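User: Please take a close look at one part of this structure, the strands that pair with one another and the pockets that they help to line. A connected account that also covers the aromatic rings would be welcome.

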Amino acid sequence: MMKDIFVLITLLILSALSRAQENHFYNDSYQTLDNMLVDKQPYSFKSAVFSVENAYYQGKLNTEELNRKIAFLTKFCNQIIVNRKLQYSEKDEATVSKYASIYTIICQATPVIIGKDTLKYKPFTYDFEDVFGHKELSNLFVSKLLNTQKGNCNSMPYLYKIIAEELGVDANLALAPNHIYIKHNIKSIGWFNTELTSGIFPQDSWLMASGYIHLDAIQNGVFMKALSNKESLALLLVDLANAYERSYPENDGSFSLKCAERAIQVHPYLANALILQAETHKKQFQKLMKEKNTKNIQTILSNPKAKELFDLMNKEYAHIHKIGYRSMPEEMYLDWLVSLKTERSKYEDTRLQK
C-alpha cells in the first residue's frame, strides 16, 4: 500500500515538474518581451516573434534555419536595391528603395538571372485555409510562412517588419478589425498603407469601408494607428497569451492576465489586449460557476469573488465598446479582404503611381 502511494506521489511530482518545464518557455518569452520593453535587452522584432513561436513549440523551433531564410530574403532585397532604380528623388530615396524591395519579394513575381538562365521568383501568397488559426495556431506564424510561402494578415506584415529591420529601416504595423497591415511615412506623400495579403496600397477609405471602424476607434488609436516598436511588442504579448491558452486550455488565467496587463501598460487602447483581459475574467467567472455547480448568475453573485469578476468583466467590455472597438464577423472580414482586389481601382492609392 505504502509503495503504491509512493509511486503515485512520485508520478504527480514528475507530472508537475514536466508542466513547469513546459511553462518555462512561455515565461522565458514573456521575460524576453518585457526586457525589450524596459531596454534591458536590445530590441529585435525578429527575436521577439520567434520567442513567442518557440514557446508554442516548446523549444523545438528551428531558429537557425529560419534565420538563414530571412538572411537570404534580406540579401535578395539588397540585390534588388542595387540593380533597380526607383523613379523617386526625395532625400529618403534609400529608405523608400528598401521598402519597395521588401514589397517586391513578398508580393511580386520577380525574374532572377543566374548565368544564362532567367528564373522567376515566386512571391508569398495568401492562405485562405484556417485564416484565423482556429484549427492550428501555427497557421498564423512567421515560421509557417517562411516554410510554405503561404501566410495571412498576421504573418505577412510581421515578416515585412522583420526584413525591414534587417535592412536597417523601420516599418510600422497598424491594426484594423481582425487585420494587420503596414503604414509608412515618406517625404513625397506622407503616410500610406501597404496591404500585403493582396499586394495593394489601399487608401484609408478601404479600411473605413469595412463598416466596423468607428470614429472613436480612430481617435483613440484602436485602429489605423502606426504602432511604435514597443506597441508592436505589446501586440506580441497578446500573441504569447493566446499561444499559452492553446497549449494549456485549463489554465487559471494568471499568465494571460499578466500578458494583457503588461500590454495595456504599453498601449492603453490596444483592443486585442483589452479583449484578452475581459475574456480571461469571463473565463474565470464561468469556471467559478462550474465549481459551484450552478447556471444561475444571481445565485453565484452572492459569492464575493464571483461578484468581483462579474463587475470587472462588465466594466471592461463597456470600456472596449466606449473606445470605439467593434467586432467584425469572420465571414464579413473575408469578403472585405477580397473586395480590395475586386474593387482595386476604387481603393488603390494613386499617389504612389506618380
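Analyst: Two strands are said to pair if DSSP finds at least two bridges between them. The model examined here is predicted. In it, β5 and β6 pair in the antiparallel sense, over 5 bridges. Within this pairing, alanine 176 stands opposite histidine 179 of β6. The hairpin of β5 and β6 has 2 residues between the strands, and asparagine 178 takes a positive phi there, near 60°.

On to the next strand: β6 and β7 also pair in the antiparallel sense, over 5 bridges. A hairpin of 3 residues joins β6 to β7, and lysine 183 has asparagine 193 in β7 as its bridge partner. The strand β6 thus takes part in the pairing with β5 and in the pairing with β7. Of the 8 residues of β6, 7 are buried, so this strand is largely enclosed by the rest of the structure. Buried here means under 20% relative accessible area. In a regular strand, side chains alternate between the two faces of the sheet.

The strands also contribute to pocket linings. The largest pocket has a volume of about 1200 Å³. Its lining comprises 43 residues, and those closest to the centre are Phe132, Leu140, Val238, Asn242 and Asn272. Elements that give two or more residues to this lining are α2 (45–56), β5 (172–176), β6 (179–186), α9 (229–247), α11 (271–291) and α14 (330–342). The largest share, 9 residues, comes from α11. By class, the lining of the largest pocket holds 25 nonpolar, 10 polar and 8 charged residues.

The second largest pocket has a volume of about 630 Å³. It is lined by 27 residues, with Leu86, Val96, Ala100, Phe201 and Leu352 nearest its centre. At least two residues of this lining are supplied by each of α4 (93–107), β6 and β7 (190–194). The element that gives the most is α4, with 5 residues. The lining of the second largest pocket divides into 13 nonpolar, 8 polar and 6 charged residues. The strand β6 therefore appears in the list of contributors to the largest pocket and in that for the second largest.

The aromatic rings complete the picture. Over the whole structure, 19 aromatic pairs are found. One of them joins phenylalanine 192 and phenylalanine 201 in an edge-to-face arrangement, at 6.0 Å centre to centre and with 65° between the planes. Phenylalanine 192 is buried, because its relative accessible area is 7%, under the 20% limit. Its partner, Phe201, is among the residues nearest the centre of the second largest pocket.

Another pair is that of tyrosine 244 and tyrosine 248, which is tilted: the centres lie 5.0 Å apart and the planes make an angle of 50°. Tyrosine 244 has a relative accessibility of 11% and so counts as buried; tyrosine 248, at 15%, is buried as well. Ring pairs link these two tyrosines with Tyr26, Tyr30 and Phe255 into a cluster.

Charged groups lie over two rings. The charged end of lysine 258 sits over the ring of tyrosine 30, 4.3 Å from its centre, and Tyr30 belongs to the cluster just described. Lysine 161, in turn, lies over the face of phenylalanine 45, at 5.5 Å from the ring centre.

Conventions: Residues are numbered from 1 along each chain as its sequence is written. This is a predicted model: local features need pLDDT of at least 70, side-chain atom pairs count only at pLDDT 80 or more; totals for chains, interfaces and linings use all residues. Side-chain values use heavy atoms; hydrogens and water are left out. On a 1 Å grid over the protein atoms alone, a cavity is a set of points where a 1.4 Å probe fits but cannot get out, and a pocket is an open set with protein on both sides within 12 Å along at least five of seven lines; lining residues have an atom within 4 Å of a point. Grid points are joined across faces, edges and corners, and a volume is the space filled by probe spheres set on the points. Helices (H or I, at least four residues) and strands (E, at least two) are DSSP runs, numbered from the N terminus. Ala, Val, Leu, Ile, Met, Phe, Trp, Tyr, Cys and Pro count as nonpolar, Asp, Glu, Lys and Arg as charged, and the others, Gly among them, as polar. Rings of Phe, Tyr and Trp (its six-membered ring) pair if their centres lie within 6.5 Å; planes under 30 degrees apart count as stacked, over 60 as edge-to-face and the rest as tilted. Buried means under 20% relative accessible area, exposed over 50%, partly exposed in between (1.4 Å probe, protein chains only). A charge sits over a ring if NZ of Lys or CZ of Arg is within 6 Å of the ring centre and within 35 degrees of the ring normal.
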